[in-house]
Amino acid sequence: MTAAARIEALDTMPSPDLCSQAEIALTALVDVMNQETTLLRAGRHNQAVALTAEKARLAQDYVVLARSVQRQAARLQADAPELIERLRNGHERLATQMAENLRVLATARTVTEDLLSDVAEIVGQHDKARIYGKSGAIAIDPSASARGIAVNRSL
């Protein structure tokens, strides 16, 4: 089935069915984002990362359905105003969950960067070359400090 045929099928779907599918996709997306947020708060980053593919798939499904709802807004408002209101409320829940999820991700990133910076600094202090300078005192060669610790900023 071509993309145009899929769009046509969604746009001609009966109002209750389209709204129901959009609400199911929306609820599933909110649920997986809530799981991810909960896992990140608990420090279970590997388990949270495992949800990424599912979250991306659900987000894509929801966006496709939401665009169809937008294109058919006048028809849906006339046929099923209560279902449209439920979708609006669900979308507000999604926005709230996304904001919380992004806040937790930003916190995790900051904590990780701080931890890596602290480790690099401590390792650098212990791995400094000690040499005698012109005054006869031990000087520290700054080029010999720790190397190889990097911060991945793609999070």
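1. A good place to start is Ala48, which touches Glu36, Leu39 and Leu40, leaving out residues up to four places away in sequence. Ala48 belongs to helix 3, made of residues 45-49. Its relative accessibility is 2%, so Ala48 counts as buried. Please keep in mind as you read that this is a predicted model.

2. Val32 makes a handy reference point for this part of the chain. Ala48 and Val32 are 16 residues apart along the chain, and their C-alpha atoms are separated by 9.6 Å. Thr52 is 20 residues from Val32 along the chain, with 9.1 Å between the two C-alpha atoms. Thr52 lies in helix 4. Is Thr52 buried or exposed? Neither label fits: Thr52 has a relative accessible area of 40%, so it is partly exposed.

3. Now for the overall layout. The protein has 6 helices and 2 strands. Reading from the N terminus, the order of the elements is α-α-α-α-α-α-β-β. The protein has 155 residues, and 26% of them count as buried. For contacts between residues at least 6 apart in sequence, 67% join residues that are at least 24 apart.

4. Next, the nonpolar interior. The largest nonpolar core holds 27 residues, and Leu18, Leu29, Tyr62, Val69 and Leu94 have the most contacts inside it. Two or more residues of this core come from each of helix 2 (15-41), helix 4 (52-71) and helix 6 (81-126). Which element gives the most to the core? That is helix 2, with 11 residues.

5. Val69 deserves a closer look, as one of the core residues with the most contacts inside the core. Which residues does Val69 contact once its neighbours within four places in sequence are set aside? They are Leu18, Ala22, Leu76, Ile84 and Leu87.

6. Helix packing comes next, with a word on how to read it. A pair of packed helices is described by the angle between their axes and by the distance between those axes. For helix 2 and helix 4, the axes come within 9 Å and cross at roughly 150°. Helix 2 is therefore roughly antiparallel to helix 4, as angles over 145 degrees count as such. The crossing of helix 2 past helix 4 is left-handed.

7. You can trace this contact residue by residue. On the helix 2 side, the contact is made by Leu18, Gln21, Ala22, Ala25, Leu26, Ala28, Leu29, Val32, Met33 and Glu36. On the helix 4 side, Glu54, Lys55, Leu58, Ala59, Tyr62, Leu65, Ser68 and Val69 take part. Some of these names will be familiar: Leu18, Leu29, Tyr62 and Val69 are among the residues with the most contacts inside the largest nonpolar core.

8. Helix 4 also packs with helix 1 (residues 3-11), at an angle of about 60° and with the axes 9 Å apart. How do helix 1 and helix 4 lie relative to each other? They are oblique to each other. Their crossing is right-handed. Helix 1 brings Ile7, Leu10 and Asp11 to the contact, while helix 4 brings Val64, Leu65, Ser68 and Arg71. Leu65 and Ser68 also appear in the contact between helix 2 and helix 4.

9. Finally, please look at Gln72. Where does Gln72 lie? You will find Gln72 in the loop between helix 4 and helix 5 (73-79). The relative accessible area of Gln72 is 17%, and because buried means under 20%, Gln72 counts as buried. Its side chain makes a polar contact with the side chain of Arg75, at 3.0 Å. Not counting residues up to four places away in sequence, Gln72 touches Asp11 and Leu18. Asp11 is one of the helix 1 residues that make the contact with helix 4, and Leu18 is one of the helix 2 residues that do so.

How values were computed:
Residues numbered from 1 in each chain as written. Predicted model: local features only at pLDDT ≥ 70, side-chain atom pairs only at ≥ 80, totals over all residues. Heavy atoms only, no water. Core = buried A, V, L, I, M, F, W, Y, C linked by side-chain atoms within 4.5 Å. Buried < 20%, exposed > 50% of the residue type's maximum accessible area, 1.4 Å probe, protein only. Helix = DSSP H or I, 4+ residues; strand = E, 2+ residues; numbered from the N terminus. Contact = heavy atoms within 4.5 Å. Polar contact = N/O pair within 3.5 Å; in protein donor to acceptor, adjacent residues only side chain to side chain. Axes fitted to C-alpha atoms, helices over the stretch in contact; angles between N-to-C directions. Parallel < 35°, antiparallel > 145°, perpendicular 65-115°, else oblique. Left-handed = near helix turned anticlockwise from the far one by under 90°.
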